[in-house]
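Let's take a friendly walk through some helices and see how they fit together. Have the structure open beside you as you read.

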Protein chains: 2
Amino acid sequence: MNAHQRIQRALEAAVARGESPAAPPRLGRAIRHAVFPGGARIRPQLCIAVSMACGEDDASLTDSAAAAIELLHCASLIHDDLPCFDDAATRRGVPTVHVAFGERLAVLAGDALIVAAFETLAAGAARSPCRLAALVGTIASGVGRPFGIAAGQAWECEPRCELAEYHRAKTGALFAAATMAGAQAAGADATPWRALGESLGDAYQAADDIRDVVADPEVLGKPVGRDVALDRPSIARSYGLHEAIRQFDRLVADASAAIPECPGAPYLRALVKSEATRLVPASWCTDMDRIAA
Amino acid sequence: MNAHQRIQRALEAAVARGESPAAPPRLGRAIRHAVFPGGARIRPQLCIAVSMACGEDDASLTDSAAAAIELLHCASLIHDDLPCFDDAATRRGVPTVHVAFGERLAVLAGDALIVAAFETLAAGAARSPCRLAALVGTIASGVGRPFGIAAGQAWECEPRCELAEYHRAKTGALFAAATMAGAQAAGADATPWRALGESLGDAYQAADDIRDVVADPEVLGKPVGRDVALDRPSIARSYGLHEAIRQFDRLVADASAAIPECPGAPYLRALVKSEATRLVPASWCTDMDRIAA
């Protein structure tokens, strides 16, 4: 079973755990809409890849950590799309949860997914109970306070914010949690894996800012031009597109360099490279050179 | 240190864990606004009382479980008060979080409190790591799906719902989680403690419905008459006030009777009795008899 299949199976189990014929059916549908078919699943892929690189010995714990991280990512997207934040009508090419199911179910689906994430993690720790507390702490720090996703989003509610801190919290923290949780799920020290997650998170955020400017909304599956429309801080807005792409390339190189030497390093370097190509296709740089010429 | 002091100290530690001079300050203020000074703290009191009745041997785990439950309760109130749900302007006599800090910070404060709850629980499990997974499961079931608070709220988004199921999920589930988590924090079997929490949760919901009809908004600290205004299912609306008070009295008696025989039973019975008096003062029944006469 490859990583993608492991992730889908773990997510299916996590979502099914919350289902019952006696439960309110529309909440269940809203949650499936948010979690499936899903996006690139890059955070759980990273988690699994690092666990394997660290000599994975409890696959069900790794899969639970990976699923928990993806559920939290899905929750953050639902709330981020709400009318009071981005007011986005589409996500991954389909209506956002609040458009499809209403604002109330969007708030509740996000809440329920955050709860389900920690429930899933705990349910997967039966064979390695002593690893659970550290995993909960690591994953919580990626989404909570003071430097996780909720804090990142909250910077949008401040009169001013530091771009790097905003991005580190809004995106980097959960990437760092994904690599560190991968190590902890394998019983290894998380510290050497933080830098990979952080660099990759920064690269991902830079890519997001670039895509908001140059991508085709049909390809992206969500509206573009939102950073300007919502007056959100953005690398592309602050430094221009050329500089944003240079930053992206440098961050991808940093991420590759941050992979600790281990048997799994070549696979991880290949994963970073293929993600980079997916996020910012080389053709965009060529297009830009053509425009600049 | 009495239970109230233990709860305040544990909540202070839980909230402080999320704070940093480098974190977005308004989110921090919104969270303190939601958690302090707080209400009756009945759920964490129950959790501590049951743990002591079960021979508490790890007070920091009990306190963490109690704080986690209260943080989740606070999170549910913030989201419940949002414009898309109850659109409440006041709570506990002060402006609701979205009125004081805006809707975006209210969504984020709720999210961050859910995360903080599980983080707090994990941080308190250092001495008893093998109890953590069961505690996470129990507490998650009180707030998530299929039968916790998120599911209870989601029944409000369905064309029809069963009153008992709606209340069991919206209120009873977290009360049951509080008594069961108290037992688990002490290393005891949770099963005998479920009925106490469920009956007390039902009683509490009946009281809430009654208070929505008869209480003075100044005393209650929040608007009254909301069930009719929002067309929400309510025992008082469905069966009338007299029958609602009869149901309340019966549920309180059920709760008292559900307390397993143990050295802590007298204290728990006294706690149930004093809560019942606080929730529905005897004078209300006298007033009603006067109106009926």
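What follows looks at two helix pairs and then at one helix on its own.

This is a predicted model, in which local features need pLDDT of at least 70, side-chain atom pairs count only at pLDDT 80 or more, and totals for chains, interfaces and linings use all residues. Residues are numbered from 1 along each chain as its sequence is written, while chains are lettered from A and ligands numbered from 1 in the order in which they are written.

Two packed helices are described by the angle between their axes and the distance between the axes. Helices here are DSSP runs of H or I with at least four residues, numbered from the N terminus. Axes are lines fitted to C-alpha atoms over the stretch in contact, with angles from 0 to 180 degrees between N-to-C directions.

Start with α7 of chain A (residues 132–143) and α6 of chain B (residues 103–123): their axes lie 9 Å apart at an angle of about 155°. The two helices are therefore roughly antiparallel (angles over 145 degrees).

Now find α2 (residues 25–35) and α6 (residues 103–123), both in chain A, which pack at about 70° with axes 9 Å apart. These two are therefore roughly perpendicular (65 to 115 degrees).

Finally, turn to α7 of chain B, residues 132–143. Ten of its twelve residues are buried, so this helix is largely enclosed by the rest of the structure; buried means that 20 or more other C-beta atoms, placed from the backbone, lie within 10 Å of a residue's own. Among the buried residues are B:L132, B:V136 and B:I139.

Notes:
Angles under 35 degrees count as roughly parallel, over 145 as roughly antiparallel, 65 to 115 as roughly perpendicular and the rest as oblique. The expected span of a helix is 1.5 Å times one less than its number of residues.
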